[in-house]
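Dear colleague,

I am passing on to you the structure we spoke of, together with the sequence, so that you can look through both at your own pace. Below them you will find my notes on what turned up.

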Amino acid sequence: MYNYEIIDFHTHPFLGPEQSICAHPDHCTLTTDGIEPYFRSLGVTKICGSVIYSFAYPRSCETWEPLRKLNESALELKEKLGDFYIPGFHVHPYFYDESCREIERMAGLGVRLVGELVPYLHGWDDYACDAFSGIIDEIERHDMILSVHTMSDDSMDKMVQRHPNAVIVAAHPGDFGAFNRQLNRLAMSENYYVDISGHGLFRYGLIREGIDRFGADRFLFGTDYPICTPGIYIGGICCDPLITEEERKLILSGNAKRLLRIE
């Protein structure tokens, strides 16, 4: 085990096997009760993120109910896992009023993390649409953090440019051209961050370039569990000789603690 405090900013915990998004469930023993012991065995002290499930919403969908149930699952997991878990919740631009009410409700419960949102799972694809822009205004007004799946470069650029004061954490650094677009967005807003989960970390020197250009305080540790194996990302930061001790501490937990206001 590495001698660092580690907060995983990007996970998708689950209440039962039907909510687990592991791509190879037949070969992995995944249970809700096993989530915390597994992460703690790796040195992870806290996890964050939403419960997700693909309902493949059509654009004409008229019900908020599936998303409401996912958000309730996140709150139930919070009851079960206690301080180990920081829940993220869903909003959706096709359900503007419901989303705004959910922001208000979650704020009253002390929940400050929205997402990770994964639009392609829930039938939408435009971060720059007027409805989502209005939802981001509400997120910002309630002093929340928005975690989003990186997609559709132009709409993400517009989202960041329209909301320079909103705290946005983009999942996945991406590879080559995608990472360059992430760097461009980091330049657009000092409130834009990238979590290291998913594709890109395996490229030697990628995180070093980001740190050199924007500082280690713009990158957060994340794994995208149970899609991805957490140990790969722990090793990717802890074993990288291009990253200093102080930079590791910021990426692994310091930045998340600052954004989430954890003492």
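In this predicted model, proline 226 is in contact, once its neighbours within four places in sequence are left aside, with His12, Phe14, Ser20, Ile21, Cys22 and Leu30. The residue itself sits in the loop between strand S8 (219–220) and helix H8 (230–238), and proline 226 counts as buried because its relative accessibility is 6%, under the 20% limit used for that word. Cysteine 28 is 198 residues away from proline 226 along the chain, yet their C-alpha atoms are separated by 9.7 Å.

The cysteines deserve a separate word, since the count of disulfides in this model comes to zero. Cysteine 228 is in no disulfide, and the nearest cysteine sulfur, which belongs to cysteine 22, is 9.9 Å away. For cysteine 100 the closest cysteine sulfur is that of cysteine 129, at 12 Å, which is too far for a bond, because a disulfide needs the two sulfur atoms to be within 2.5 Å. Cysteine 100 also counts as buried, with a relative accessibility of 15%.

Cysteine 100 leads on to a pair of helices, as it is one of the residues of H3 that meet H4. The axes of helix H3 (residues 96–108) and helix H4 (residues 130–141) come within 10 Å and cross at roughly 10 degrees, and H3 is therefore roughly parallel to H4, a description that applies to angles under 35 degrees. On the H3 side the contact is made by Tyr96, Ser99, Cys100, Ile103 and Glu104, and these meet Ala131, Gly134, Ile135, Glu138, Ile139 and Arg141 in H4. Sorted by character, the residues of this contact divide into six nonpolar, two polar and three charged.

Turning to the interior, the largest nonpolar core has 62 residues, and those with the most contacts inside it are Phe132, Leu146, Met159, Ile207 and Phe221. Helix H2 (residues 65–81) supplies the largest share of this core, namely six residues. Apart from this core lies another one, of 12 residues, which includes Ile7, Ile86, Val169 and Ala256. As for methionine 159, if its neighbours within four places in sequence are again left aside, its contacts are with Tyr127, Phe132, Ile136, Val148 and Ile168.

With best wishes

Definitions and conventions:
Residues numbered from 1 in each chain as written. Predicted model: local features only at pLDDT ≥ 70, side-chain atom pairs only at ≥ 80, totals over all residues. Heavy atoms only, no water. Core = buried A, V, L, I, M, F, W, Y, C linked by side-chain atoms within 4.5 Å. Buried < 20%, exposed > 50% of the residue type's maximum accessible area, 1.4 Å probe, protein only. Helix = DSSP H or I, 4+ residues; strand = E, 2+ residues; numbered from the N terminus. Contact = heavy atoms within 4.5 Å. Axes fitted to C-alpha atoms, helices over the stretch in contact; angles between N-to-C directions. Parallel < 35°, antiparallel > 145°, perpendicular 65-115°, else oblique. Nonpolar A, V, L, I, M, F, W, Y, C, P; charged D, E, K, R; others polar.
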